[in-house]
Amino acid sequence: MGKGMFSISQKQQVCQLFFIQVVLIVLMGTLMTYGPEANANLLKNHTGDHGRKDVKKPDTDPLRIYSMYQDVHVMIWIGFGFLMTFLRRYGQSAIGLTFLLGAILVQVALICEGVAHMEKNSKAFLSLKSLLSADIAVAAPLISMGALLGKTTYMQLVFMGILELIMFTVNKYVGEHLLQVVDAGDSMFVHAFGAYFGLAVSFVFGMKEKPKEHLLEGPSYNSDIFAMIGTVFLWLFWPSFNSAALEGDDQQRAIINTLLSISASCVIAFATSALVTKDSKFNMVHIQNSTLAGGVAVGTAAGMMCEPIGALVVGSLAGLLSVLGYKYLTPLIQKRLRIHDTCGVHNLHGMPGVLAGIFGALMAGLATEATYDYSLYEIFPARAPSSPAKLAELWDNSGTLAGQDRTAGQQAGYQLLALAITIGIAVVSGLITGLIMRASMYGSISEDEKFDDEANWELEEESSHESKVKERNCGGEQLPMGHI
């Protein structure tokens, strides 16, 4: 009877998957169209004259961001996917479900962003910039997935991702357009939001049943090596993630600052890992995750003039906090709050995301025209003057538009307010989403099926009985992440 019920649930999930894609096709056809940059009817977009002398080439090449867009693309599908393969018998699900979720949610993100910026009596536009923004948005639900890895059905994850992207779009619109805050690398809007949303969902799951140690939750020698592939890809391409949406000197600063910060976090993570582990040896969980914390921590201020020393210091602090979080905080959260964080997203994305918001506020508070010249008002548009007399000179020299006359201190306050609102929206919406995810229509994973690919995949290389005997015999020396 139980097996039959499980089969029905699986078939329902397949039907839901077909239904979601059909809905996305309808929405995309109804709401979206090519933007001016990709519209064949506009002659200015032709990259060649094709024998016609009257065709004007575009002043700027819209394909210039394509290389960085592909860097972010690799981070989402390879970096995040392989980073989550550390579980000894959940590698196919880690990579496969990342592939599936990414393909669905990038369409959802395009629609959400298009609707948020849709003009009256017009369809939303698609362009390389919107594709880049969609990829960055998809990172948020994939971060949340890390907190729930191995404990949900794929339809629970799909449903979570769709709801999360809706709330993500609302939160980002509030931060960027209403509060006019700066978050160049989306450390607040993506990393902090994704982490605390996922932790809130995990808290709801823990209310029903107290998290406990599972046989398959730990890594194996080979699974740890595969996870390091994800780490290295993310480490290499993180400067693109933090700088892809910027231009000119802002983009160059973001690349430099991110490289310095993530390098410092790598060194400090190795050192701290050896300091807090037995016999002063490195722990692979720390190295797979905490080495990346600097990329998150510098994200908000990536395009600001934080100087090399600022980037190095914040990266070092992020690496330190992340390792200590894995060692001491994760077990405490699991024990006290019943929040089971499979991948430790709180330590890689949550705390470094909060650190990024605080560091960004500090840099905003220190920003002056003497340091930035007229670019101060490009980075912080709300700080531009509003009176015509003051604005005239700025308009003549740099094309600055009217702002809100904010002081440096006021901008810093808005930065902190945006961080608080982001965490608040993430937690509340995560709790509500977690309650809905427990509905029977999305299926559920039993205790025996957790952290096991067999729940989702045909495993032909060995039978279920053989694999479980093998796991019991080989064991694995590393403890599950929650007990490090």
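This is a short talk on the fold, the salt bridges and a few single residues of one protein.

What you see above is a predicted model. The protein has 17 helices and two strands. Of its 484 residues, buried ones make up 52%. Now take contacts between residues at least 6 apart in sequence: 79% of these join residues at least 24 apart. The protein exposes about 22,000 Å², and carbon and sulfur atoms supply 64% of that area.

Next, the salt bridges. The structure holds seven of them, and I will go through three.

Start with Glu176 and Lys172. Their closest N and O atoms are 4.0 Å apart. Where do the two residues sit relative to each other in helix α5? They are four residues apart, so about one helical turn separates them. Glu176 is partly exposed, with a relative accessible area of 33%. Lys172 is at 16%, and counts as buried because the cut-off for that is under 20%.

The second pair is Arg253 and Asp250, with the closest N and O atoms 2.6 Å apart. Both lie in helix α8, residues 248–276, and they are three residues apart, again about one turn of the helix. Are these two buried or exposed? Arg253 is buried at 14% relative accessible area, and Asp250 is buried at 13%.

The third pair is Glu447 and Lys450, where the closest N and O atoms are 3.2 Å apart. Glu447 is partly exposed at 24%, whereas Lys450 is buried at 17%. Salt bridges can also share partners: Lys172, Glu176 and Asp186 are joined into one network in this way.

Now two residues with a backbone angle to look at. Gln180 is not a glycine, yet its phi is positive, about 55 degrees. You will find Gln180 in the loop between α5 and α6, and it is partly exposed at 22% relative accessibility. Phe451 is not a glycine either, and has a positive phi of about 60 degrees. Phe451 is in the loop between α16 (408–437) and α17 (464–474). Unlike the glutamine, Phe451 is buried, with a relative accessible area of 3%.

Last, the surface. Which residues form a nonpolar patch there? They are Leu317, Leu320, Leu321, Leu324 and Tyr328, with about 410 Å² of accessible area together. Leu320 belongs to helix α11, residues 307–337. Its relative accessible area is 33%, so Leu320 is partly exposed, and it passes the patch cut-off of over 30%.

Key:
Residues are numbered from 1 along each chain as its sequence is written. This is a predicted model: local features need pLDDT of at least 70, side-chain atom pairs count only at pLDDT 80 or more; totals for chains, interfaces and linings use all residues. Side-chain values use heavy atoms; hydrogens and water are left out. Patches are made of residues with over 30% relative accessible area and no salt bridge: like charges are joined within 9 Å, nonpolar side chains (Val, Leu, Ile, Met, Phe, Trp, Tyr) within 5 Å. Accessible areas come from the Shrake-Rupley method with a 1.4 Å probe; for residues, only the protein chains shown count as cover. A salt bridge is a side-chain nitrogen of Lys or Arg within 4 Å of a carboxyl oxygen of Asp or Glu. Buried means under 20% relative accessible area, exposed over 50%, partly exposed in between (1.4 Å probe, protein chains only). Contact means heavy atoms within 4.5 Å.
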